[in-house]
Amino acid sequence: MPVFQEPITSPAHVLLTDSRFLSEPAGTLFFAIKGERHDGHQYIEELYRKGIRDFVMEKKSVASSADLQLFTEKEDVNVWLVDNSIKALQNLSAAHRMNFNYPVIGITGSNGKTIIKEWLSGLMANNFRIVKSPRSYNSQIGVALSVWEMNASHNLGIFEAGISLQNEMQNLEPIIRPDIGIFTNIGTAHNEGFRSKKQKITEKMRLFKQSKVLIYCKDYQEIDEEIRIFLKAVNPGIELVGWSVKGSGSILADVKKAADFSDVTLYWKGEDYQLRIPFTDNASVENAIHCAFAGLILKQNYAKTLDIQEYFEKFLQLKPVAMRLELKQGTNDNYIIDDTYNNDLGGLTMALNFMSQHHTKRNKVLILSDLLQTGLREEELYQSLADLIKAQEMELFIGIGEKILKNKALFESSSKSKPVFYETTKDFLESFKFSTLQNNLILVKGARKFAFEKIVNKLVQKIHGTVFEVNLDALTHNLNFYRSKVGPKTKIMVMVKAFAYGSGSTEVASWLQYHRVDYLAVAYTDEGVQLRRNGIKLPIMVLNAQPDSFGNLFEYNLEPEIFSLRNLKEFLSFLNNRGEEIPEQVNIHLKLDTGMHRLGFVEADIKELLEILDVNKYLKVASIFSHLVGADEIEHLAFSKMQIKSFESLSAKIISALPYQPLRHICNSAGIIRYPEARFEMVRLGIGLYGVEAAGIEQESLQTVGTLKTTISQIKSLPKGETVGYGRRGVLDKDARIATLAIGYADGYDRGFSRGVGHVLVNGVLCPIVGNICMDMTMIDVTDAECEEGDQVIIFGKDLSIMKLAEEIGTIPYEILTGVSERVKRVFFRE
């Protein structure tokens with residue numbers, strides 16, 4: 001078995017850092033990365049069995065494991081031993097970048113990076129063969145994987161770079177090595193990673209230390225100052241294109257806004273250029289001006305034949321960039337992954353990865369359009385596409401487009417059922433029998449010109465105007481926040497009871513399984529059965545397993561909470577009377593009552609409990625736990641500490657009688673923050689995962705996961721003295737505009753918000769509830785808001801916190817979240 005040091009010389013053309021996303025084993029080089037909680041070295045044996053033969057491993061990890069022993073007698077394996085796998089990946093990608101001399105645009109800043117990249121790609125598609133970052137692939141790993149896609153068939157690269165800590169950009173700069181730089185703006189994101197805003201600007205600017213040109217808005221004074229102080233010192237030859245809408249300097253952008261478009265005149269090097277964009281908001285105008293100057297620079301330095309007038313005419317066709325990949329409920333028990341408007345190989349790979357994380361028991365269907373402007377030869381492109389799809393084990397592949405139809409022979413074995421092809425979206429909508437799609441997970445992915453939103457509209461279950469949006473990226477952020485608190489040695493059990501606090505049990509559990517949490521917990525056996533039927537394989541604890549559900553508990557490998565001697569004896573009776581041999585091990589979780597006085601063993605029960613466990617040795621105590629009464633309130637500090645002490649004492653008595661060490665857990669979300677000394681071997685994460693820091697100490701560290709939205713059904717102008725709603729409770733004390741919303745108490749909007757108690761957000765304006773909330777509708781006063789029928793209304797979300805709603809009616813955020821009715825459709829998305 002050959003073992004090498006850097007540089008890496010593998011012939012592999014696919015770089016893999018996540019073992020879950022293997023698609024082409026024979027051509028893959030796997031980088032085993034050791035993180036804080038996960039270690040890629042643990043999956044090497046599995047990947048070898050699946051066909052990978054080239055591996056990059058970290059010396060310190062290999063030295064303490066048996067990984068190399070796996071290969072000692074295998075001559076077909078190549079291993080590169082490195083100090084740091086991420087750095088080795090970056091070095092390999094940086095060396096690859098040096099093989100190409102065509103221009104590369106590098107984009108950084110706080111906001112707008114992905115939009116500018118996507119707009120530039122669309123504007124220049126007819127003039128260049130472009131390679132670009134898929135979606136927002138701008139991290140330490142994402143940049144390296146993006147640049148690796150460069151090849152000789154391209155003649156323009158567009159990559160974005162994001163950093164969250166100092167010294168990170170120095171790793172990304174040699175990988176991207178941009179000829180043209182764009183610095184978008186500076187905001188508050190990731191401020192915690194830098195000593196000051198000035199340092200953050202300087203760190204981002206390191207991307208341009210070898211660039212020939214930098215485009216930026218001179219009106220951001222702090223950016224302008226650092227460019228002239230820092231960047232000109234490290235790169236004195238750089239051409240600065242600092243434009244201004246405020247009249248500062250010689251490069252100007254004059255913006256005149258109309259109702260639904262903006263006219264922009266650029267003044268640069270003695271010339272003026274006109275363009276019109278279909279936006280009026282400042283952020284979109286700024287992004288468009290960056291794109292306009294990028295075109296001028298490309299013509300000046302790299303593409304003399306570029307028709308700049310034709311380039312500017314395309315700006316009127318700019319559209320909002322679809323930043324979100326959404327999972328929606330469809331008709332016929334289907335689930336739909338909506339990733340329309342964006343179609344390239346990198347984006348498709350990411351969408352297929354997302355597909356593999358959800359509803360793993362459902363058959364998979366892919367509806368795909370032609371891939372446009374990839375820079376690859378047609379035959380090479382569609383052969384790669386066919387190989388990628390074949391590895392996904394699709395039930396059905398549906399190809400739409402002239403090119404994919406032409407190459408349909410390549411896809412004959414790409415799905416279990418015979419693939420079908422259509423030349424246009426219209427042909428597909430008119431000819432395909434949608435009733436044949438049942439109980440599937442369907443990925444819809446197409447280039448914008450194919451208008452695949454029409455397909456999604458056909459497939460998605462018709463919903464009334466109220467939806468509950470669940471941000472999976474925010475869920476991940478919150479999980480990682482709590483992981484950082486407990487450290488790598490403490491396991492995390494996540495509570496997904498009560499429909500995952502209203503967010504959707506199966507989808508949230510699938511996401512948590514992908515992120516490799518240690519345990520899940522549900523309230524009732526039925527909830528656990530549903531998760532198992534949808535492909536959840538994680539250990540699941542059931543908090544209230546009743547005797548009539550023990551059969552399902554056992555059949556679906558669910559682990560019961562045992563809270564009393566009677567409860568334990570009932571479970572034993574079930575096991576002994578099943579008529580089948582009892583397994584060697586049956587996991588249970590012992591609940592101790594340390595002060596909640598709801599469920600749990602008390603000290604007087606411990607002696608008999610241990611006697612029963614001693615006789616029935618097949619019962620394995622997987623964990624011992626208790627519940628803090630008031631971890632979220634400082635006034636109960638002394639009582640909570642007493643509980644923790646009692647738990648330590650009672651659990652120690654049980655553990656001393658066992659030949660093994662069970663896990664212990666007493667901390668809930670609030671306890672994780674307030675009582676670090678009580679995290680033990682595991683913690684239970686509940687409301688904190690969903691964005692509510694119950695202790696009230698670190699709320700700013702969490703992100704909003706759920707947003708409840710509805711729409712305005714009708715608006716009426718009513719005079720003073722009129723009444724609104726049932727019982728004539730809403731008496732108008734002035735002339736008012738009254739809007740009716742498509743949400744009521746049957747959707748979970750509590751009647752306690754009636755008659756001015758509650759408020760909703762309409763286009764940024766807080767509007768009060770008028771009269772009583774009805775079963776399906778709610779009336780609000782929109783006199784002070786600019787709005788029209790069909791506009792979106794926020795019930796709660798990032799800008800109207802669920803904590804504020806709870807305060808308004810004297811309840812807790814838990815009740816608001818779990819009260820959102822299941823008839824309100826959930827839409828799961830990630831950026």
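Tutor: Let's start with angles: an axis is a line fitted to C-alpha atoms, for helices over the stretch in contact, and angles run from 0 to 180 degrees between N-to-C directions. Keep in mind, too, that what you're looking at is a predicted model.

Student: Okay, so which strands does helix α3 lie across?

Tutor: Helix α3, residues 85–97, lies across β2, β3 (28–31), β4 and β5. Using the angle idea, α3 runs at about 140° to β3.

Student: Let's look at those strands. In what order do they sit in the sheet?

Tutor: First the general idea: strands of a sheet pair through backbone hydrogen bonds, either parallel or antiparallel. Here you have an open sheet of 5 strands, with parallel pairing and the order β1-β5-β4-β3-β2. At the edges are β1 (3–4) and β2 (14–16), each of which pairs on one side only.

Student: How many bridges join β4 to β5?

Tutor: There are 5, between residues 54–58 of β4 and residues 78–82 of β5, and the two strands run parallel. You can follow individual partners as well: Met57 stands opposite Leu81 in β5, and Phe55 has Val79 of β5 as its bridge partner. Now turn to β1, which pairs with β5 in the parallel sense over 2 bridges. There, Phe4 is partnered with Trp80 of β5.

Student: Is β5 mostly covered or mostly open?

Tutor: Mostly covered: 4 of the 5 residues in β5 are buried.

Student: Next, aromatic rings. How many aromatic pairs does a search of the whole structure find?

Tutor: It finds 30. To read one, check the distance between ring centres and the angle between planes: under 30 degrees is stacked, over 60 is edge-to-face, and the rest are tilted. Take Phe100 and Tyr102: their centres are 5.7 Å apart and their planes are at 40°, so this pair is tilted. Both Phe100 and Tyr102 are buried. Now try Tyr311 and Phe315, with 5.4 Å centre to centre and 80° between the planes, an edge-to-face pair.

Student: Why do Tyr311 and Phe315 count as buried?

Tutor: Buried means under 20% relative accessible area. Tyr311 has 1% relative accessibility, so Tyr311 counts as buried. Phe315 is at 0%, so Phe315 is buried too.

Student: Which residues form one aromatic cluster with Trp511?

Tutor: Phe21, Phe354 and Tyr514 join Trp511 in that cluster. Rings can have charges over them as well. Lys449 lies over the face of Phe450, 5.6 Å from the ring centre. The charged end of Lys620 sits over the ring of Tyr660, 5.6 Å from the centre of that ring.

Student: How many residues does the largest nonpolar core have?

Tutor: It has 159. Those with the most contacts inside this core are Val496, Leu520, Leu619, Val760, Val762 and Phe796. Helix α16 (residues 472–486) gives the largest share of the core, 7 residues. For a single member, try Val496: leaving out residues up to four places away in sequence, Val496 touches Ser505, Val508, Leu512, Leu520, Ala521, Val522, Leu531 and Tyr690.

Student: One last residue: where is Gln643?

Tutor: Gln643 is in helix α23, residues 637–656. With a relative accessible area of 0%, Gln643 is buried. Setting aside neighbours within four places in sequence, Gln643 is in contact with Thr594, Gly595, Met596, His627, Leu628, Val629 and Ile666.

Technical notes:
Residues are numbered from 1 along each chain as its sequence is written. This is a predicted model: local features need pLDDT of at least 70, side-chain atom pairs count only at pLDDT 80 or more; totals for chains, interfaces and linings use all residues. Side-chain values use heavy atoms; hydrogens and water are left out. Rings of Phe, Tyr and Trp (its six-membered ring) pair if their centres lie within 6.5 Å; planes under 30 degrees apart count as stacked, over 60 as edge-to-face and the rest as tilted. Buried means under 20% relative accessible area, exposed over 50%, partly exposed in between (1.4 Å probe, protein chains only). A charge sits over a ring if NZ of Lys or CZ of Arg is within 6 Å of the ring centre and within 35 degrees of the ring normal. Two strands pair if DSSP finds at least two bridges between them. Contact means heavy atoms within 4.5 Å. A nonpolar core is a set of buried Ala, Val, Leu, Ile, Met, Phe, Trp, Tyr and Cys residues joined through side-chain atoms within 4.5 Å.
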